[in-house]
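Grab your viewer and work through these exercises one at a time. Try each task on your own before reading the solution below it.

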Amino acid sequence: MNTVSSLLDKDWYERYTRISRLNIRSSIYDVTNRCNLRCKGCFFFSSDEHKAAKEEMDVKKWEAFIDKEKERGVNLAILIGGEPTLYMDRVDAFYKRLPTYCATNGQIKVPRDRFPDMMVGISLWGDREAETALRGKDTFSISSKNYEGDPYTYYLYTITPKQVGKIEWIIKRIKDVGLKVHMQLLSNDEGVDGFTWTGQELKDIRAEMDEMLDAFPDTVISCKYYHEVITTGKMLGRAFGWNECPSVTEPMDTRGPEAKRLIHFIRWASDLETMHRCCTSATRDCRTCKDGAAHMSWVMVNKRAHLKSATDLKNWIEVYEMFAKLYRFIPW
């Protein structure tokens with residue numbers, strides 16, 4: 001029977017030991033139902049989740065709720081929306097109590113005197129043409145000025161089929177403003193014409209993502225095994241989908257047999273009472289989901305399955321390290 005120590009040399013075992021001590025317990029929070037953009041393909045609005053719960057406006061109730069989440073064992077709060085930066089007081093309530101990651105479109109700058117080391121992930125959906133088509137404006141022109149050179153910020157680049165063959169230009173722009181980038185793929189929840197992936201496009205973008213990682217190792221936060229999993233939807237011969245996804249809200253998880261899952265994970269609505277099904281939306285077809293965090297988590301909760309060989313275990317370690325870097329549990 002293979003064990004971690006039998007499969008790894010000294011250097012890899014030290015890398016494994018560093019991440020195995022982290023014990024990450026995350027949950028996701030809709031900070032608000034409002035946004036200052038309306039992006040085509042945004043799962044929050046396309047699923048009508050912004051209508052599912054009345055937003056809690058009393059920050060004292062947010063503070064009490066967060067205290068309970070901390071008692072529940074959460075040690076990573078992932079803030080989404082809507083647009084969290086519309087309500088800095090709610091962001092502050094999380095930041096003062098838990099390690100906090102804020103997902104934003106970058107149009108409003110997080111004040112670093114108030115949040116000096118909070119991790120910020122800026123959404124980016126492509127070049128000027130793609131951003132204008134899907135988001136109504138070139139968001140990079142604003143977000144890059146707001147966050148240039150910020151050591152606690154990276155771009156979450158959601159690649160669309162329109163970007164195949166073009167992503168180097170984006171990566172270079174991000175490098176030039178002194179920021180990092182992580183890549184995922186558009187799920188096209190609203191079925192926008194021309195933005196649904198074909199098999200060949202997925203093969204091509206996987207090769208291109210690998211090339212970017214090789215060409216810009218100090219800018220791109222990723223690994224090739226992640227590229228394989230997210231473009232193929234396969235891990236060790238298993239297909240991603242409802243029966244495999246680890247990011248299902250625990251009290252709503254009635255799957256049988258029980259799937260490998262994130263411990264105590266919940267995605268909370270902005271009323272602090274309603275729970276959403278998963279880290280994206282109940283209207284998304286899990287078979288076509290391309291969410292990067294869900295696929296990373298899928299790998300991470302399946303360590304035992306990766307004990308078949310040294311190569312498989314090293315792949316698992318690299319994905320776990322990537323996740324830990326993106327949420328600043330370990331340095332870049």
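**Exercise 1.** Does H11 pass H12 in a left-handed or a right-handed crossing? Work out the geometry of the pair and who makes the contact.

*Solution.* Keep in mind that we're working with a predicted model.
- Step 1: find helix H11 at residues 292-300 and helix H12 at residues 310-326; their axes are 9 Å apart and the packing angle is about 135°.
- Step 2: name the arrangement. An angle of about 135° isn't over 145, the cut-off for roughly antiparallel, so H11 counts as oblique to H12.
- Step 3: settle the handedness. The crossing of H11 past H12 is left-handed.
- Step 4: list the contact. H11 brings Met296, Ser297, Val299 and Met300, while H12 brings Trp316, Val319, Tyr320, Met322, Phe323 and Leu326.
- Step 5: sort by class. You get nine nonpolar residues, one polar and no charged ones.

**Exercise 2.** Run the same analysis on H9 and H10: at what angle do their axes cross?

*Solution.*
- Step 1: H9 covers residues 199-215 and H10 covers 224-232; the axes come within 10 Å and cross at roughly 165°.
- Step 2: that value is over 145, so this pair is roughly antiparallel.
- Step 3: H9 goes past H10 in a right-handed crossing.
- Step 4: on the H9 side, the contact uses Leu202, Ile205, Arg206, Met209, Asp210, Leu213 and Asp214; on the H10 side, Lys224, His227, Glu228, Ile230, Thr231 and Thr232.
- Step 5: the class split for this contact is five nonpolar, three polar and five charged.

**Exercise 3.** In what order do the eight strands of the open sheet run, and which strands stand at its edges?

*Solution.*
- Step 1: trace the order, which reads E6-E5-E4-E3-E2-E1-E9-E10, with mixed pairing.
- Step 2: look at the ends. E6 (180-185) and E10 (275-276) each have a single partner strand, so each has one side with no neighbour in the sheet.
- Step 3: zoom in on one pair. E2 (residues 76-80) and E3 (residues 100-104) run parallel, paired over three bridges. Leu79 sits opposite Cys102 of E3.
- Step 4: add the helices. H4 (residues 59-71) packs on the sheet, where it touches E1 (26-30) and E9 (267-268), and its direction makes about 165° with that of E1. H5 (residues 88-95) lies across E1, E2 and E3, at about 170° to E2.

**Exercise 4.** Hunt for backbone oddities: which residues does a cis peptide bond join, and where is phi positive in a residue other than glycine?

*Solution.*
- Step 1: check omega. The bond joining Gly81 and Gly82 is cis, with omega about 5°, and Gly82 belongs to the loop between E2 and H5.
- Step 2: keep scanning. Gly256 to Pro257 is also a cis bond, with omega near 0°; Pro257 lies in the loop between strand E8 (238-239) and E9.
- Step 3: check phi. Asn23 has a positive value, near 50°, and is found in the loop between helix H2 (10-20) and E1.

**Exercise 5.** What radius of gyration does the chain have, and how does that fit a compact globule?

*Solution.*
- Step 1: count the secondary structure, which comes to twelve helices and ten strands.
- Step 2: get the box. Along the principal axes, the C-alpha atoms fill roughly 55 × 45 × 40 Å.
- Step 3: compare. A compact globule of 332 residues would come out near 20 Å, and the chain has 19 Å, so the two agree.

Note on methods
Residues numbered from 1 in each chain as written. Predicted model: local features only at pLDDT ≥ 70, side-chain atom pairs only at ≥ 80, totals over all residues. Heavy atoms only, no water. Axes fitted to C-alpha atoms, helices over the stretch in contact; angles between N-to-C directions. Helix = DSSP H or I, 4+ residues; strand = E, 2+ residues; numbered from the N terminus. Parallel < 35°, antiparallel > 145°, perpendicular 65-115°, else oblique. Left-handed = near helix turned anticlockwise from the far one by under 90°. Contact = heavy atoms within 4.5 Å. Nonpolar A, V, L, I, M, F, W, Y, C, P; charged D, E, K, R; others polar. Pairing = 2+ DSSP bridges. Rg over C-alpha atoms; globule rule 2.2 N^0.38 Å.
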